[in-house]
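Me: I am new to this structure and would like a close look at a single part of it. Please start with how far the model can be trusted, then go to one residue and its surroundings.

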Amino acid sequence: MDKDNINVLVAGPEHEKYVDTILNTIAEAAKVRGTGIAKRTHEYLTKKMMEAKAVIALSDDGRFAGFSYIETWGNKQYVTTSGLIVHPDFRGLGLAKRIKDLTFTLARTRWPHAKIFSLTSGAAVMAMNTQLGYKPVTFADLTDDESFWKGCEGCVNVDVLHRTNRKYCICTGMLFDPEEHLPAKIPEEVLVRIRHLEEIEE
């Protein structure tokens with residue numbers, strides 16, 4: 001598969017048909033790695049698509065290739081880009097970085113003053129975060145929004161989080177502070193999807 005035959009775009013309602021495949025791909029990847037992952041429901045990911053808070057990658061023939069989504073916390077003072085996954089059939093093509101870059105740009109576009117953070121146990125994601133300007137931080141530097149931390153309850157390593165009184169866990173915390181960087185360059189396809197969402201909300 002050529003990387004030029006894969007489209008990375010802001011997800012919308014028309015992509016709900018891929019949600020179960022996304023969830024299965026995430027679950028299988030967690031089993032292979034032997035690491036924990038916060039569990040999400042069909043309804044949860046569908047809502048992300050409806051709100052233009054997700055990025056999906058599809059091959060030219062309509063096969064699911066990758067995904068990531070966005071969530072806001074603490075009255076939108078903090079944003080996470082989460083659930084980054086690439087289907088096994090499309091790995092080794094640099095797709096994870098393309099998805100990560102667009103999700104990151106979407107987050108910066110919609111919430112330009114929010115701090116963007118990541119909790120990850122994957123070396124590849126840490127490397128991509130570093131390239132984007134994230135810095136390693138303690139959990140105390142992340143959001144104190146209880147709704148976010150409840151998402152960790154579905155992870156197999158949540159006992160570590162509890163034992164340390166939420167000071168650290170298997171994952172590494174990383175933070176991007178927009179005040180330390182220039183404004184994001186916004187791709188036209190991101191603007192189009194956001195405008196469409198605003199028209200629906202009106």
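Reply: The model is predicted, and its pLDDT averages 87 over the protein, with 92% of the residues scoring at least 70. Confidence is highest in strand 2 (residues 54-59), at 97, and lowest in helix 7 (residues 188-201), at a mean of 70.

The residue chosen here is Ser-68, which belongs to strand 3 (residues 64-73). That strand is part of an open sheet of seven strands, ordered 1-2-3-4-5-7-6 with mixed pairing. Strand 1 (6-10) and strand 6 (135-137) stand at the edges with a single partner strand each, so one side of each has no neighbour in the sheet. From one strand to the next, the twist averages 25°.

Strands of a sheet pair through backbone hydrogen bonds, in either a parallel or an antiparallel way. Strand 3 and strand 4 (residues 78-86) run antiparallel and are joined by seven bridges. One residue in strand 4, Ser-82, is the bridge partner of Tyr-69. The backbone oxygen of Ser-82 is also reached by the side chain of Ser-68, at 2.8 Å.

Ser-68 has a relative accessible area of 3%, which is under 20%, so Ser-68 counts as buried. Leaving out residues up to four places away in sequence, Ser-68 touches Ala-54, Val-55, Thr-81, Ser-82, Gly-83, Leu-84, Ile-99 and Thr-103. As for helices, helix 2 (residues 42-50) lies across strand 2 and strand 3, and its direction is at about 85° to strand 3.

Technical notes
Residues numbered from 1 in each chain as written. Predicted model: local features only at pLDDT ≥ 70, side-chain atom pairs only at ≥ 80, totals over all residues. Heavy atoms only, no water. Helix = DSSP H or I, 4+ residues; strand = E, 2+ residues; numbered from the N terminus. Buried < 20%, exposed > 50% of the residue type's maximum accessible area, 1.4 Å probe, protein only. Polar contact = N/O pair within 3.5 Å; in protein donor to acceptor, adjacent residues only side chain to side chain. Contact = heavy atoms within 4.5 Å. pLDDT = per-residue confidence, 0-100. Pairing = 2+ DSSP bridges. Axes fitted to C-alpha atoms, helices over the stretch in contact; angles between N-to-C directions.
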